[in-house]
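Hi everyone, thanks for making the time. Let me put the structure up, and then I'll walk you through it.

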Amino acid sequence: LLIGVGQKQVDTQLEVLHKAGLNAAGADLAGMASLKASWVANRAPGMLDVLVDIGQDVTSVLIHEGGKPYALTLHRGTGGGDLDKLIGTALQDDAQDRIIKEKVSFNRDYRVQQAMDQYAFKLTSTIQGAVDSYQRTRPEPAMPPAGLTLIGGGALVHNLPATLQEATGWRTMTGR
């Protein structure tokens, strides 16, 4: 929250989360700060940018239109911890050190690859669902997203940006 999000913005977002029946203590305020801080000034109206914050428990999909933040959705089931469970189950090993290593390095083990593919499919569906949902709120469809930026610890999963780019057709990069 040190990157320029004022208290009023945080209070407004928390109020929205409470009205939606979500537990604000579990909300990813860093994702909200990223939404505010990643504003792109030179985007044409109708041009979308998607910021995906992959946290341990929740994935936040943040949508900008024309350079302005418009939508934030929080999704359970696609956080980094969910990938940990898939890999642990595939390997029949719950050693956290090994699971983390498997997530961030190239791996030839077909069981790990299957777990990663399953996770990537679920994450792709989540992202596309959030964009489709946002599109339905508009009087006319916006252009397809100009890009997809991954942030959070889950953005470090080996080959995830390339996999998402191939699946969605949207330029995908890891935020710095």
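Let me start with one residue: does Ser60 count as buried or exposed? The answer is buried, because its relative accessibility is 0%. One thing to keep in mind throughout: this is a predicted model. Ser60 sits in strand S2. Along the chain, Ala130 is 70 residues away from Ser60, yet in space their C-alpha atoms are 9.7 Å apart.

Okay, let's zoom out. There are six helices and five strands in the chain. If you read from the N terminus, the order goes α-α-β-β-β-α-α-α-β-α-β. The chain has 176 residues, and 44% of them count as buried. Its accessible surface is about 9800 Å², with 53% of that belonging to carbon and sulfur atoms. And if you take the contacts with a separation of 6 or more, 59% of them are between residues 24 or more positions apart.

Now the sheet. The five strands make an open sheet, and going across you meet S3-S2-S1-S4-S5, with mixed pairing. Why do S3 and S5 each have one side without a neighbour in the sheet? Well, strand S3, residues 68–76, and strand S5, residues 172–174, are at the edges and have a single partner strand each, so one side of each stays unpaired. From one strand to the next, the twist averages 20°.

Then there's helix H6, residues 160–168, which packs on the sheet. H6 touches strand S1 (48–54), strand S4 (147–151) and S5, and its direction is at about 160° to that of S5.

Let's go back to S2, since that's where we began. S2 covers residues 58–65 and pairs with S3 in the antiparallel sense, over eight bridges. Want some pairs to look for on the screen? Thr59 has His75 of S3 as its bridge partner, Val61 has Thr73, and Leu62 has Leu72. The two strands form a hairpin with two residues between them, and Gly66 in that turn has a positive phi of about 60°.

On the other side we have S1. S1 and S2 also run antiparallel, joined by seven bridges. They make a hairpin too, with three residues between them. One bridge to find here is Val50 with its partner Ile63 in S2.

So how many of the residues of S2 are buried? Eight of the eight, so S2 is largely enclosed by the rest of the structure. In a regular strand, side chains alternate between the two faces of the sheet. You can follow that here: Val58, Ser60, Leu62 and His64 point one way from S2, while Thr59, Val61, Ile63 and Glu65 point the other way, and all are buried.

Just past S3 there's another one to click on, Thr78, in the loop between S3 and H3. Thr78 counts as buried because its relative accessibility is 1%. What is Thr78 in contact with, leaving aside its neighbours within four places in sequence? The list is Ile54, Thr59, Tyr119, Lys122, Leu123 and Thr126.

Okay, now out to the surface. Most residues other than glycine have a negative phi. Two residues here go the other way. Gln92 has a phi near 55°, and you'll find it in the loop between helix H3 (80–91) and helix H4 (96–104). Gln92 is exposed, with a relative accessible area of 75%. Asn159 has a phi near 70°, and its place is in the loop between S4 and H6. At a relative accessible area of 44%, Asn159 is partly exposed.

That loop between S4 and H6 also holds Leu156. Is Leu156 buried or exposed? Exposed, because its relative accessible area is 57%. Leu156 belongs to a nonpolar patch on the surface with Ile100 and Val104, and together they have about 270 Å² of accessible area.

So, if you want something to take away: look for the open sheet ordered S3-S2-S1-S4-S5, find S2 with eight of its eight residues buried, and then turn to the nonpolar patch of Ile100, Val104 and Leu156 on the surface. That's it from me, happy to take questions.

Definitions and conventions:
Residues are numbered from 1 along each chain as its sequence is written. This is a predicted model: local features need pLDDT of at least 70, side-chain atom pairs count only at pLDDT 80 or more; totals for chains, interfaces and linings use all residues. Side-chain values use heavy atoms; hydrogens and water are left out. Two strands pair if DSSP finds at least two bridges between them. Helices (H or I, at least four residues) and strands (E, at least two) are DSSP runs, numbered from the N terminus. Axes are lines fitted to C-alpha atoms, for helices over the stretch in contact, and angles run from 0 to 180 degrees between N-to-C directions. Contact means heavy atoms within 4.5 Å. Buried means under 20% relative accessible area, exposed over 50%, partly exposed in between (1.4 Å probe, protein chains only). Accessible areas come from the Shrake-Rupley method with a 1.4 Å probe; for residues, only the protein chains shown count as cover. Patches are made of residues with over 30% relative accessible area and no salt bridge: like charges are joined within 9 Å, nonpolar side chains (Val, Leu, Ile, Met, Phe, Trp, Tyr) within 5 Å. A salt bridge is a side-chain nitrogen of Lys or Arg within 4 Å of a carboxyl oxygen of Asp or Glu.
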